Amino acid sequence: MASVPFHYVDLRTFCYATEDEKRVEQALRTFLPDEFEVDRVVNEGHHGDRIVVRSARVENADDVRHVLSVLSELPDVDRVIDELDERVDDNNSLFLRLDKQAAFGGDVRLGPGLTLRAKVEAYPAKREKAVENAREALSTLAAESAGSDAADA
């Protein structure tokens, strides 16, 4: 993928008091380039429990490509492509929820725990154009991933 049709990608997850913070960070790092900085903010829940927010913003084109290449491993990327009309908002942001437990094991699946928000480039800045750009980018990734899977077999 030569050009990257995303301005940035935000990844965020919560680490609750019952979770191991290092494992939660490891799950987040499944999607990030090596040695990428992860932000840490400590909050307090409604009942006084500690909640740590771990997040990262990926802005460099090569780093965004890395995140997208990891996303291309989604087994249901075709479902995401079909749902782009619901997944891209009026501010041209694409939203995905990713399985935190699977990510800890190095797998990429849709599910609860991690939130991905990617700002889609669109000129003019219209939602329809953003959906079209996201569809093209994800379709290209899916095709490239399928091609590399066939070459590996």
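# Notebook: salt bridges, sheet and one loop residue

**Entry 1: R79 and its partner**

I began with R79, which counts as partly exposed because its relative accessibility is 42%. Before going further I noted that the model is predicted, so I treat each value as computed from a prediction. I then looked up the charged partner of R79 and found a salt bridge with D76, in which the closest N and O atoms are 3.5 Å apart. For D76 the relative accessibility is 23%, so D76 also counts as partly exposed, given that buried would require under 20%.

**Entry 2: salt bridges elsewhere**

How many salt bridges does the count give? I get 15 salt bridges, taking a nitrogen of Lys or Arg within 4 Å of a carboxyl oxygen of Asp or Glu as the rule.

I next looked at R57, which forms a salt bridge with D10, and here the closest N and O atoms are 2.7 Å apart. This pair links distant parts of the chain, since R57 sits in strand β3 (residues 50–58) and D10 in strand β1 (residues 6–16), with their positions 47 residues apart in the numbering. I checked the exposure of both partners: R57 counts as partly exposed at 39% relative accessibility, whereas D10 counts as buried at 17%.

Another pair I looked up is K100 with E19, whose side chains meet in a salt bridge with an N to O distance of 3.0 Å. K100 lies in helix α5 (residues 100–104) and E19 in the loop between β1 and α1 (21–29), so this pair ties together parts that are 81 residues apart in sequence. K100 counts as buried because its relative accessibility is 12%, while E19, with a relative accessible area of 27%, is partly exposed.

I also found a network of salt bridges, in which E21, E25, R29, R40, R50 and R54 are linked.

**Entry 3: the sheet**

I then turned to the strands, and counted 5 of them alongside 6 helices in the protein. Reading along the sequence, I wrote down the pattern β-α-β-β-α-α-α-β-α-β-α.

In what order do the strands of the open sheet stand? The order is β2-β3-β1-β5-β4, and the pairing is antiparallel. At the edges are β2 (39–44) and β4 (93–99), each of which pairs on one side only. On average, neighbouring strands in this sheet are turned by 20 degrees against each other, with direction ignored. As a reminder to myself, strands of a sheet pair through backbone hydrogen bonds, either parallel or antiparallel.

I followed β3 towards both of its neighbours. With β2 the antiparallel pairing has 6 bridges, and in it R40 stands opposite R54; these two arginines also belong to the salt-bridge network noted above. The strands β2 and β3 form a hairpin with 5 residues between them, and in the turn G48 has a positive phi of about 85 degrees. With β1 the antiparallel pairing has 8 bridges, and V9 has V58 of β3 as its bridge partner.

Two helices that pack on the sheet came next. Helix α1 touches β1, β2, β3 and β5 (113–120), and its direction makes about 160 degrees with that of β1. Helix α2 (residues 61–71) touches β1, β3, β4 and β5, and its direction makes about 65 degrees with that of β1.

**Entry 4: L110**

Is L110 buried or exposed? I located L110 in the loop between α5 and β5, and at 15% relative accessibility it counts as buried, because that value is under 20%. Leaving aside its neighbours within four places in sequence, I listed its contacts as L74, D76, R79, V80, R87, L96, R97, L98 and D99. This brings me back to the first entry, since D76 and R79 are salt-bridge partners and both are in contact with L110. From L110 to P5 I read 22 Å between C-alpha atoms, for a separation of 105 residues in sequence.

**Entry 5: the whole chain**

Finally I looked at overall values. The C-alpha trace spans about 45 × 40 × 25 Å along its principal axes. The radius of gyration is 16 Å, which agrees with the value near 15 Å that a compact globule of 153 residues would have. Of the 153 residues, 43% count as buried. The accessible surface comes to about 8,600 Å², with 46% of it belonging to carbon and sulfur atoms. Among contacts between residues at least 6 apart in sequence, I noted that 63% join residues at least 24 apart.

Terms used
Residues numbered from 1 in each chain as written. Predicted model: local features only at pLDDT ≥ 70, side-chain atom pairs only at ≥ 80, totals over all residues. Heavy atoms only, no water. Helix = DSSP H or I, 4+ residues; strand = E, 2+ residues; numbered from the N terminus. Buried < 20%, exposed > 50% of the residue type's maximum accessible area, 1.4 Å probe, protein only. Pairing = 2+ DSSP bridges. Axes fitted to C-alpha atoms, helices over the stretch in contact; angles between N-to-C directions. Contact = heavy atoms within 4.5 Å. Rg over C-alpha atoms; globule rule 2.2 N^0.38 Å. Areas by Shrake-Rupley, 256 points an atom, 1.4 Å probe, with all protein chains shown as cover.
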